[in-house]
Each structure stands twice: as structure tokens, then as C-alpha cells.
Amino acid sequence: MAPHRRCLLQQLPADVLLHVLSFLPPADKLAVRACCHHFRRLADSRHLWRGHTARLRFGRGRRRYDAHFWAGLARRGVCSAVVQVQDQGATKTHWKQLAAALPSLSALAVDGGIRDCEDHLDRFPNLSCLVLRGSPPRGRGRAPKDPIGALRVADPERVTRIGLCDVSFRAHADLPAFLARFANLTCFSYHPSGPDPRGRVVEGDAFGLVVAGLPKLRHLSWAVRPFFKYASVAGPRADPGETVNRTLTSLELLVYNDFGLAYDAMRPLTRLRSLAVVYMDAAAHTHQGGRLNTWLDHAPHLSTLMVHGGPAPRDYARSIPPTVRSLTVRTGRLTAADLAAVGAQVPGLVHLEVDAWPPAAGPVAARFFPALQSVHLRIWQVPEEDQDFLDLGRFQSLRRVEVEVADAEEPPRLSELRGRLQTLTGDRVRVLAAPRPRRDPMACHHQQVHQSQD
């Protein structure tokens, strides 16, 4: 019998093959892995799966993960997993298998089975990121059905990131008590869904308690809902020196009703540099400009601002701190007047991101943004007049225009207009087709909704 002949690819050095495989998506890596033992060994290299998140489903009637599956995960050294629990009470074996295969798991997101996982989280000693995503309430006025009880982790001091989405606590005081165990928390997301199960208003400054109670917190994502009442003062006023937060630099607000957060909620955040305000409902702002104006007034040192939906930019432009250098405005009704109002307030703006470039905005906006260096367009719309796109060349400091594309192919006419703009500016401005950013597997359901609305 003739000896087995190796294919040309197998004769390449292993480091070359690993470099080629590193460009493949996970599905293609698994397809290559099925070719032969040589490629199986290469495709299971930990270098190729660094940063990969395994997606698993636990429960009766779901896929049975055999020993070969768990052995493959162990060889790849996967450190991040998303577990979807579809049958609570029937996953004990699955949790044991996951802990045995991935003892170094550092990031875990659990969908649905919060009470089911409470007895198994302490099996992961290296856990630093924990995301619990409950089941959204069905029907208006109903509370989430996934209350957090006796949650145990192996090493609370190791945990630096926690996300709570569509969950509830048995008592309102349980939230501060829950967070008190995680002294090194630097990133926290809290997006409850549905009103208080007893139909009452949440009393006290919950936002302030979280900000003051986490001394190392750097990023906070908070849902502002109409059924919450955050009073600036609940009982005796605390010493201002004790309530000031000097570590929080990034804040994201998912606004369902802007009256859910006090006017002076930003005042203790003396080092806030990045603010994202996402209006989840068209009626989230109750009057012209809403509370966004006062929130911005109390954040004088911002360098990055993102506003998704909500009032027209011209309604809050005068409140934007002049220190802002990067601005994202996501609204489908952006006009040249909006850009003029923003430019008059922040002439030092360096980066601007919008959904689509408004018609006839170039001649007006170019006068107000003398320092603008980059523009990012999230939606490509074929301009009615080529001049609307070519007017970007009027920005004297502009160097880069990015256009998001859904796939590898460029939108129609983008290549033609790119060439014309670069010729018009003497190749000073580069026009790039940028892929849409990947979703964070550890992001909350609510965050994924507003990221995919377009």
C-alpha cells in the first residue's frame, strides 16, 4: 500500500498555518478542524481561541455535550462563556461539566436560569466578569420573574465586572448589600425591567448609593425608568465630601423616562469624562431638551459625549461642555441647523459620528468645526446630490471619513465618491469602508437592542 501523501498545506510550517487560521471566524475554524488530525491539533491551539466566547444551552431535551466536546473546549482554553438555561432544575450535571472543562473561566453570562446557577458559581475560582440576564417580564406592569437570592462566587474580590439585566431583588435594600461584597468592582450595569412587584415607588437615592458605595467604580451603565424615584435627599443630607465619586469616568444612561433621575445626579461625579445617553423610547424626554440640559451642566469636564435619540441636538447644544472632543449624535432627523448649533458650542470638536450626513450641511457646518479631523457615518445613504458628500472636503482639518458597511462589499457609488473626494482634497481626506463593530457577548439585552435599531 502506497504511503499517505501529505497535502501542500500540511507541509507549511505550523506558525504559518496558525497565522492563516487566525483570520477565520469560529465556524470556519471548526470546519478546518474536521479535515484531519493535523489540522485538528492546529485548530485547537489556544492562540486561535483567545478572546472567544463559547455559547452553551443547558436543560432537558437540549443538545447533549459529550466528553469529546468538553475535551475540545479544555484544549482551546476558552475563558469566556454564555450559558442559556432553558429548563431550570435540570442543569446540575451541565454546570459540573463546564467547571471541570474550563476551570480557568473568567467571564460568564447566564441567560434565564439565574436561580439555577446560584449554587454553581462558586465552582469557578477565576471568575472576574459575571453577567446575569433574566427573562423580560411579559405584560405591562409585571415584575421580572428572576429574583436574585443567595448568590455565591468563589472569590468576590476577584470580580471586577457585573451586569444585571431584567432581574429583581426580593427587597430594595438588597442591591447595596449585594454590591457591598464586591469591593474591587470597576464596571457595573444595572438594567431592571418592570415595576416594583408591590406596585410601590422605590424610595431613596439608589443611583447615589451605588455611586458612593463602589469606591473603585470606573464605568456605570444605569437604566432610568419612570417607576423609580431617585431623590437627591433621602433623610439627612450626607457630607458632600463623602458622596463625591473620584473614580467614575464613564457613565451610560438608558433613559425610559428622564424624570427617573434627579437633576443633580451628575454633581458628585467630579471626574466624569465620558457620557452616553440612550433614549429607549420616543417619549422618554418629557419637555424640550428634557433633563439632558441639566445633566450636561453638571458634567463640565466631558471629553466624549454620545446621545442616541431624544431631543433635537439644537435643544441641548448650549449645554454641551466646550471640553468635548468626540461627539456621537444618533438621530434620523439631524439637520444642518443642528450641526451649526453644536459647532457654535464646541468649536474644538475633533471627531463626529452621525447616522447619516444631512443634506446641504457641508457649507454651514464647515464654518463651525475648524478642528474636525474625522467623521464616522453609521448609515450609508446615496446622496441626492453628489455635492452633499463632496462638501466634506470643506472641513480644512478633516483627514478621515469612515462609512459603516454591513458586509465586505462597499455600498453603491461609495467607491466613485471616495475617489472624487480624495482627488478634490489632494488625498488629504481618506474615505474608508469600516465594518460594523461586533456585539459584546457580555452586553445586556437592552444595550443590544439600541445597538441594532438601525
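Helices (H or I, at least four residues) and strands (E, at least two) are DSSP runs, numbered from the N terminus. The views show a predicted model, in which local features need pLDDT of at least 70 and side-chain atom pairs count only at pLDDT 80 or more, while totals for chains, interfaces and linings use all residues. Residues are numbered from 1 along each chain as its sequence is written, and side-chain values use heavy atoms, with hydrogens and water left out.

**View A. Surroundings of Leu 151 in the loop between strand 5 (147-148) and strand 6 (161-165).** Leu 151 counts as buried because its relative accessibility is 3%; buried means under 20% relative accessible area, exposed over 50%, and partly exposed in between (1.4 Å probe, protein chains only). Contact means heavy atoms within 4.5 Å. Not counting residues up to four places away in sequence, Leu 151 touches Glu 118, Leu 121, Leu 130, Leu 132, Phe 178 and Arg 181. With Leu 121, 30 residues apart along the chain, the separation of C-alpha atoms is 7.9 Å.

**View B. The largest nonpolar core, with 103 residues.** A nonpolar core is a set of buried Ala, Val, Leu, Ile, Met, Phe, Trp, Tyr and Cys residues joined through side-chain atoms within 4.5 Å. The residues with the most contacts inside this core are Trp 95, Leu 108, Phe 188, Leu 220, Trp 222, Leu 253 and Trp 357. Apart from this core lies another, of eight residues, among them Leu 17, Phe 39, Leu 42 and Trp 49. In soluble globular proteins, nonpolar side chains tend to be buried together. Leaving aside neighbours within four places in sequence, Trp 357 is in contact with Leu 339, Leu 352, Gly 362, Val 375, Leu 377, Asp 388, Leu 392 and Phe 395.

**View C. Packing of helix 5 (residues 92-101).** The buried residues of this helix are His 94, Trp 95, Leu 98, Ala 99 and Ala 101. Strand 1 (53-58), helix 4 (67-76), strand 2 (80-85), strand 3 (107-111) and helix 6 (114-117) are the elements against which the buried residues of helix 5 pack.

**View D. Strand 9 (residues 219-224) between its pairing partners strand 8 and strand 10.** Five of the six residues of strand 9 are buried, so the strand is largely enclosed by the rest of the structure. Two strands pair if DSSP finds at least two bridges between them. Strand 8 (residues 187-191) runs parallel to strand 9 and is joined to it by four bridges, with Trp 222 as the bridge partner of Tyr 190. Six bridges link strand 9 to strand 10 (residues 250-255), also in parallel; here Leu 220 stands opposite Leu 251.

**View E. Strand 13 (residues 326-330), with five of its five residues buried.** Strand 13 is largely enclosed by the rest of the structure because each of these five residues is buried. Ser 326, Thr 328 and Arg 330 point one way, and Leu 327 and Val 329 the other way. In a regular strand the side chains alternate between the two faces of the sheet. Strand 12 (residues 304-308) runs parallel to strand 13 and is joined to it by five bridges; Leu 305 stands opposite Leu 327. Strand 14 (residues 351-354) pairs with strand 13 in the parallel sense over four bridges, and Val 354 is the bridge partner of Val 329.

**View F. Arg 291 in the loop between strand 11 (274-279) and helix 10 (292-297).** Arg 291 is classed as buried because its relative accessible area is 10%. Not counting residues up to four places away in sequence, Arg 291 touches Asp 258, Phe 259, Leu 261, Ala 262 and Tyr 263.

**View G. Two aspartates with positive phi, Asp 166 and Asp 427.** Phi of Asp 166, a residue other than glycine, is near 55 degrees. Asp 166 is found in the loop between strand 6 and strand 7 (168-169) and counts as buried, at 2% relative accessibility. For Asp 427, phi is near 60 degrees, again a positive value in a residue other than glycine. Asp 427 is found in the loop between helix 15 (414-424) and strand 17 (430-435) and is exposed, with a relative accessible area of 56%.
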